[in-house]
Amino acid sequence: MINRSDFVLERRVNQPLGAVQPALVHPALSAPAPVALGPGTFRLHDRFGLHPSPMSSRHDAYQATGELRSGRGRLVAGVELELSPWNADACHLELRPLAQHPEWWRSRRLRSYFALAHVAADRIAGSLQAQPEPTTLVRELAGNSEWSRVA
């Protein structure tokens, strides 16, 4: 039996949250274009906002919603991204579906979700880890060259 927690993908980003925070609130992420992921696309709905973390009452987390779409443009899943402190030198990225019962999905949708979600989580974590400058993540998530006008 699959549990809801089995759908949460986690990545460790070897940058402190303070180093990646400017990229998370960058104005170019207010209307980003889809990012190609190979088997589909990922799009953020809005910029990251600071919210109390549901997992820890001691730390706030940056959260945003987005969507994963198949190569044919069909919605696979709405997702929530959360970036929270791991320790003084790293932060924690989570990607999880917004669906109430993803464990009820059929096998085709499950395969699509995990294929796209793993690529999206790797891509975002890699962008954050590669360089703590805002332009790295903004370039990845904005998916276009418009970000440079507001940088």
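Helices and strands are taken here as DSSP runs, helices of at least four residues and strands of at least two, numbered from the N terminus. In this predicted model, the chain holds four helices and seven strands.

Begin with the whole chain, coloured by secondary structure. From start to end, the order of elements is β-α-β-β-β-β-β-β-α-α-α. The chain has 151 residues, of which 42% count as buried. Displayed as a surface, the chain has an accessible area of about 8,100 Å², and carbon and sulfur atoms account for 50% of that area.

Next, select arginine 96, in strand S7 (residues 90–97), together with glutamate 80, in strand S6 (residues 75–87). Their side chains form a salt bridge, 2.9 Å from N to O. The pair therefore ties together parts that are 16 residues apart in sequence. Because buried means under 20% relative accessible area, arginine 96 at 13% counts as buried, and glutamate 80 at 18% counts as buried as well.

Keep arginine 96 selected and add glutamate 82; the two side chains meet in a salt bridge of 2.7 Å, N to O. Glutamate 82 lies in strand S6, 14 residues from arginine 96. Then add glutamate 94, whose salt bridge with arginine 96 brings the closest N and O atoms to 2.3 Å. Glutamate 94 is buried, as is arginine 96. Through shared partners, Glu80, Glu82, Glu94 and Arg96 belong to one network of salt bridges. The structure holds five salt bridges.

Finally, turn to the surface and select Arg72, Arg74, Arg108 and Arg111, which form a positive patch. Arginine 108 is located in helix H2 (residues 107–130) and is exposed, with a relative accessible area of 67%.

Note on methods:
Residues numbered from 1 in each chain as written. Predicted model: local features only at pLDDT ≥ 70, side-chain atom pairs only at ≥ 80, totals over all residues. Heavy atoms only, no water. Buried < 20%, exposed > 50% of the residue type's maximum accessible area, 1.4 Å probe, protein only. Areas by Shrake-Rupley, 256 points an atom, 1.4 Å probe, with all protein chains shown as cover. Patch = residues over 30% accessible without salt bridge, like charges linked within 9 Å, V, L, I, M, F, W, Y side chains within 5 Å. Salt bridge = Lys/Arg side-chain N within 4 Å of Asp/Glu carboxyl O. Lys, Arg positive; Asp, Glu negative; His and termini not counted. Charge placed at Lys NZ, Arg CZ, Asp CG, Glu CD.
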